[in-house]
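Trainee: Please take one part of this model and go through it closely, along with whatever lies around it. I would like the cut-offs stated as you use them.

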Amino acid sequence: MNTEVSDRERWNGRYADGEEGGTPLMLGRNLHLFPRSGLALDVAGGPGQAAVILAARGLDVTVCDVSDVALRMAAERAERSKVSITTIETDLTSDPLPNGPWDLITCFNYLDRKLFPAMIEQLAPHGQLAVTLVTRSNLERNEHPTERFLLDDGELPSLLGDLAIEYYDEGWKLDGRHCAEALARRV
Ligand SMILES: C[S@@+](CC[C@H](N)C(=O)[O-])C[C@H]1O[C@@H](n2cnc3c(N)ncnc32)[C@H](O)[C@@H]1O
């Protein structure tokens, strides 16, 4: 009997138990760095906080995630905020990234190093990739996320290939986590 819990079951359970996620910090302080129009993909966007902020800014946003519960929450959030978003249920460990080209790809708090080449490839010319991920130093103050979901300190730039980094910050954030944040552009 296969007792392994799939990502879909695990995350559906977490969202059904009331997990709401938070507003990705980059979109709080640095929203002015993001475009106001074009096609955006929020990778593993969960219940849609980022997607709704970006849609309200003027982008045409698609959010993909393995959890159908999260995507329903995202659709309801968009409706409450009177913006339109598209949702795609997909398992990013086995399915390809939704086809671009995308003017903006965001990936907040979901680590799969293998996804970076695809995210870079699916950017439109001059398209931007925005990433926030928790780094190993976070373990000094927090038990979660566990090690397999953490970037090494200083690792994020090496995952960005030939993109031009327009914004980078790494350190302790206001939410008490140690994160690396980058906004980088295809040139
Ligand atoms: C920590 S949450 C981050 C959600 C959102 N990006 C944020 O910053 O609040 C991780 C998200 O990854 C999604 N996820 C986990 N495994 C996945 C997979 N194999 N394919 C697609 N999405 C996945 C989960 O459903 C969850 O919404």
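**Strand β1 and its surroundings**

Mentor: In β4, Ile-105 is the bridge partner of Leu-41. This is a predicted model, in which local features need pLDDT of at least 70, side-chain atom pairs count only at pLDDT 80 or more, and totals for chains, interfaces and linings use all residues. Residues are numbered from 1 along each chain as its sequence is written, and side-chain values use heavy atoms, with hydrogens and water left out.

β1 covers residues 39–43 and β4 covers 102–108. Strands here are DSSP runs of E with at least two residues, helices are runs of H or I with at least four, and both are numbered from the N terminus. β1 and β4 run parallel and are joined by four bridges; two strands pair if DSSP finds at least two bridges between them. β1 also runs parallel to β2 (residues 60–65), with five bridges between them. In that pairing, Leu-39 stands opposite Asp-60.

Four of the five residues of β1 are buried, so the strand is largely enclosed by the rest of the structure. Buried means under 20% relative accessible area, exposed means over 50%, and partly exposed is in between, with a 1.4 Å probe and protein chains only.

The link from β1 to β2 involves helix α3 (residues 49–57), and the three elements make a right-handed β-α-β unit. A crossover is right-handed if, with the strands pointing away from the viewer, the path from the first strand over the helix to the second runs clockwise. Seven of the nine residues of α3 are buried, so this helix is also largely enclosed by the rest of the structure. They are Gln-49, Ala-50, Ala-51, Val-52, Leu-54, Ala-55 and Arg-57. These residues pack against β1, β2 and β4, and also against α2 (25–29), α4 (68–80) and β3 (85–89). Just after α3, Gly-58 takes a positive phi of about 125 degrees.

β1 also contributes to the largest nonpolar core, as do β4, α5 (115–121), β5 (123–134) and β7 (178–185), each supplying at least two residues. A nonpolar core is a set of buried Ala, Val, Leu, Ile, Met, Phe, Trp, Tyr and Cys residues joined through side-chain atoms within 4.5 Å. This one has 26 residues, and those with the most contacts inside it are Val-43, Leu-97, Ile-105, Phe-116, Met-119, Leu-129 and Leu-156. Apart from it lies another core, of 22 residues, among them Ala-55, Val-63, Leu-71 and Ala-74. In soluble globular proteins, nonpolar side chains tend to be buried together.

Ile-105, the partner of Leu-41, is one of the residues touched by Leu-129, whose contacts also include Phe-116, Met-119, Leu-160 and Ala-182. Contact means heavy atoms within 4.5 Å, and neighbours up to four places away in sequence are left out of that list. Leu-160 sits in the loop between β5 and β6 (164–172) and is buried, at 1% relative accessibility. With the sequence neighbours again set aside, Leu-160 touches Phe-116, Ile-120, Leu-129, Ile-165, Ala-182 and Ala-184.

Ile-105 also appears among the contacts of Gln-122, along with Leu-97, Pro-98, Asn-99, Gly-100, Pro-101 and Trp-102, neighbours within four places in sequence being excluded. Gln-122 lies in the loop between α5 and β5 and is buried, with a relative accessible area of 16%. Its side chain makes a polar contact with that of Asn-99 at 3.5 Å. A polar contact is a pair of N or O atoms within 3.5 Å; within protein, one must be able to donate a hydrogen and the other to accept it, and residues adjacent in sequence count only if both atoms are side-chain atoms. Two of the residues touched by Gln-122, Gly-100 and Pro-101, are joined by a cis peptide bond with omega of about 5 degrees. Pro-101 is in the loop between β3 and β4.

The ligand comes last. Of the 17 residues around it, Asp-7, Tyr-15, Asp-65, Phe-108 and Asn-109 come nearest, where a residue is near if one of its heavy atoms lies within 4 Å. A ligand nitrogen is 2.8 Å from a polar backbone atom of Ala-44. A polar side-chain atom of Asp-65 is 2.5 Å from a ligand oxygen. Asn-109, in the loop between β4 and α5, has a positive phi of about 65 degrees although it is not a glycine.
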